[in-house]
Amino acid sequence: MLPPKSVNRYTFQLYFDFSGYTDMAIGLGLIFNIKLPQNFDSPYKSASIIEFWRRWHMTLSRFLREYLYFPLGGNRKGSYRQYANLMITMTLGGLWHGASWNFVIWGFLHGLALAGNHVWRLFGFRMHWLLGRIITFLFLVFTWVIFRAEDLHQALVMVKGMLNIHNIGIHVSYITPNLPAGRHEIIVLFAIYIFVSLSKNSSQLKQQLTPNWKWALAVSFCLIIGVYGLNRVSQFLYFQF
């Protein structure tokens with residue numbers, strides 16, 4: 001069984017890990033005069049699952065659209081065929097991450113959500129952007145559990161735990177070792193989500209960047225912090241894919 005701490009923080013661990021990796025890849029590419037496409041655009045700010053897949057792993061989304069969704073017929077053969085194509089595309093996209101039923105179910109659920117989102121729009125329904133963000137984020141947290149689990153049994157155990165209101169909380173021993181886990185610690189998760197929602201991403205900051213001594217000082221500080229943390233082993237999560 002996975003440690004509760006690793007399960008609870010996975011939603012944001014994956015987010016910051018992937019975001020940082022994308023920035024480093026783009027920056028290293030520019031050093032060699034290679035311009036890589038943007039691949040990450042604050043996906044947790046999405047107010048719908050459709051918007052999420054326009055912001056998360058953008059190169060993979062384009063690949064799935066160009067080489068699976070469009071060849072299957074896309075939306076050119078009616079609504080029902082479009083929904084089926086979305087579910088097939090996302091299910092195969094889940095399988096792309098690994099030969100496991102967990103990934104297949106994760107992809108299927110995202111395909112189902114995309115189809116449902118299109119039906120919602122087809123009927124002309126509207127939703128406040130804030131409510132849309134909350135619902136989308138909760139769906140992502142739920143599906144990341146399935147994505148993260150080592151097998152279906154483990155996924156079911158974790159999902160049951162999430163649905164138990166008495167288990168609400170996040171283990172923060174890696175932040176405050178002396179603070180016991182409890183329901184009040186949901187504040188930590190909420191604070192992180194607010195930070196992600198309100199902060200500008202690296203692409204937005206780059207557009208406003210005017211190189212000066214302040215930026216040089218900030219970069220130097222980040223490098224010092226990075227060197228200080230070299231004694232800690234933290235493997236990039238996407239290495240396994």
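These exercises concern a predicted model of a protein.

**Exercise 1.** State which secondary-structure elements the protein has and in what order they run.

*Solution.* Begin with the count: the protein has 10 helices and zero strands. Then read from the N terminus: the order is α-α-α-α-α-α-α-α-α-α.

**Exercise 2.** Describe the burial, the exposed area and the contacts of the protein as a whole.

*Solution.* Of its 241 residues, 35% count as buried. The protein exposes about 15,500 Å², and 67% of this area comes from carbon and sulfur atoms. For the contacts, take those with a separation of 6 or more: residues 24 or more positions apart account for 60% of them.

**Exercise 3.** Find how many salt bridges the whole structure has, and decide whether R55 is buried or exposed.

*Solution.* Step one: the search of the whole structure finds two salt bridges. Side chains of opposite charge can pair when their charged atoms come close.

Step two: one salt bridge joins R55 to E51, with 3.0 Å between the closest N and O atoms. Both residues belong to helix α2 (residues 49–55), where they are four residues apart, about one turn of the helix.

Step three: buried means under 20% relative accessible area. R55 has 19% relative accessibility, so R55 counts as buried. E51, at 23%, counts as partly exposed.

**Exercise 4.** Give the N to O distance in the salt bridge of E66 and R65, and classify both residues by accessibility.

*Solution.* The side chains of E66 and R65 meet at 3.9 Å, N to O. The cut-off for a salt bridge is within 4 Å. E66 has a relative accessible area of 42% and is partly exposed. R65, at 33% relative accessibility, also counts as partly exposed.

How values were computed:
Residues are numbered from 1 along each chain as its sequence is written. This is a predicted model: local features need pLDDT of at least 70, side-chain atom pairs count only at pLDDT 80 or more; totals for chains, interfaces and linings use all residues. Side-chain values use heavy atoms; hydrogens and water are left out. Helices (H or I, at least four residues) and strands (E, at least two) are DSSP runs, numbered from the N terminus. Buried means under 20% relative accessible area, exposed over 50%, partly exposed in between (1.4 Å probe, protein chains only). Contact means heavy atoms within 4.5 Å. Accessible areas come from the Shrake-Rupley method with a 1.4 Å probe; for residues, only the protein chains shown count as cover.
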